[in-house]
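Hi,

Here is the structure I said I would pass on. Have a look through it when you get a moment, and my notes follow below.

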Amino acid sequence: TLGDQGSARWMPRVIEYLHAHFLERPTVDHLSAVAGVHPAHFARVFRSTFKRSPATYVRQLRLEWAADALAQTDQPLVDIAAASGFADQSHFTRAFRRHVGRTPAAYRRGR
C-alpha cells in the first residue's frame, strides 16, 4: 500500500521503479534521482510513508521474490540466495527466517 503520500507525487513512480528493479539493489541516491528530489528528503518521506527505510523495503521485495522462487522452482538455495542479492546462503537463511518465520528449506518443503 502506498500509505499517506501527502505531497510526494513522485512516490508511485519510485515504487513502480523499485518493483521493477529491486534485484539490482538500487541506492537511495539512485532512487532520489528517480524521484527528482534530494536524497535526504527522499529517505525521510519514504520512511514516514512506509514506516521502514528504502533498504528494508528492497530487502523485503527480494525476500518475497526468493519465497516465490523457492515455491515455484527446484533451483538450488545457494542460487536463489545469490540471485536475490545475498552475500551467502547463511545470510540469506537468517534474513529469510526473520521475514517468513521458517528457513528456506523448511519453506520449500511446506509448499
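Ser32 counts as buried because its relative accessibility is 3%, and the cut-off for buried is under 20%. This serine sits in helix α2. Once the neighbours within four places in sequence are set aside, Ser32 is in contact with Val37, His38, Pro39 and Phe42. Please keep in mind throughout that this is a predicted model.

Now for the overall layout. The protein chain has seven helices and zero strands, so along the sequence, with helices and strands taken as DSSP runs, the pattern reads α-α-α-α-α-α-α. The C-alpha trace spans about 45 × 20 × 20 Å along its principal axes. The chain has 111 residues, of which 37% count as buried. If you take the contacts with a separation of 6 or more, 51% of them are between residues 24 or more positions apart.

On to the cores. The largest nonpolar core is made of 17 residues, and Trp10, Met11, Leu18 and Phe46 are the ones with the most contacts inside it. Two or more residues of this core come from each of α1 (11-21), α2 (28-35), α3 (39-50) and α4. The most come from α1, which gives five residues. Another core lies apart from this one; it has 13 residues, and Ala67, Leu77, Ala95 and Phe96 are among them.

Helix α4 deserves some of your time. Its 19 residues should span 27 Å at 1.5 Å a residue, and the C-alpha atoms at its ends are 27 Å apart, which agrees. Buried residues in α4 are Pro54, Tyr57, Val58, Leu61, Arg62, Leu63, Ala66, Ala67, Ala69 and Leu70. You will notice that an arginine, Arg62, is in that buried list. As for partners, the buried residues of α4 pack against α1, α2, α3, α5, α6 and α7.

How do α1 and α4 meet? Their axes come within 10 Å and cross at roughly 40°. An angle of that kind falls outside the ranges for roughly parallel, antiparallel or perpendicular, and α1 and α4 are therefore oblique to each other. The crossing is right-handed. On the α1 side, Ile15, Leu18 and His19 take part, and they meet Tyr57, Val58 and Leu61 of α4. Leu18 also belongs to the residues with the most contacts inside the largest nonpolar core, while Tyr57, Val58 and Leu61 are buried in α4.

Further along the chain is α6, covering residues 89-100. This helix has twelve residues and reaches 16 Å from its first C-alpha to its last, close to the 16 Å expected at 1.5 Å a residue. Phe92, Thr93, Ala95 and Phe96 are buried in α6, and what covers the buried residues there includes α4 (54-72), α5 (77-83) and α7 (104-109). Just after the helix comes Gly101, with a positive phi near 95°.

Within α6, Ala95 is a good residue to click on. It counts as buried because its relative accessibility is 3%. Apart from neighbours within four places in sequence, Ala95 is in contact with Leu63 and Phe86. Leu63 is itself one of the buried residues of α4. The C-alpha atoms of Ala95 and Arg59 are separated by 8.8 Å, although these residues are 36 apart along the chain. Ala95 also appears among the residues of the 13-residue core.

Finally, two backbone details for your list. Which residues other than glycine have a positive phi of about 50° or about 60°? One is Arg25, at about 50°, which lies in the loop between α1 and α2. With a relative accessible area of 47%, Arg25 is partly exposed. Another is Lys51, at about 60°, which has its place in the loop between α3 and α4. Lys51 counts as exposed, because its relative accessibility is 67% and exposed means over 50%.

Happy to talk any of this through whenever suits you.

Best wishes

Technical notes. Residues are numbered from 1 along each chain as its sequence is written. This is a predicted model: local features need pLDDT of at least 70, side-chain atom pairs count only at pLDDT 80 or more; totals for chains, interfaces and linings use all residues. Side-chain values use heavy atoms; hydrogens and water are left out. Helices (H or I, at least four residues) and strands (E, at least two) are DSSP runs, numbered from the N terminus. The expected span of a helix is 1.5 Å times one less than its number of residues. Buried means under 20% relative accessible area, exposed over 50%, partly exposed in between (1.4 Å probe, protein chains only). Contact means heavy atoms within 4.5 Å. A nonpolar core is a set of buried Ala, Val, Leu, Ile, Met, Phe, Trp, Tyr and Cys residues joined through side-chain atoms within 4.5 Å. Axes are lines fitted to C-alpha atoms, for helices over the stretch in contact, and angles run from 0 to 180 degrees between N-to-C directions. Angles under 35 degrees count as roughly parallel, over 145 as roughly antiparallel, 65 to 115 as roughly perpendicular and the rest as oblique. A crossing is left-handed if the near helix is turned anticlockwise from the far one by less than a right angle, and right-handed if clockwise.
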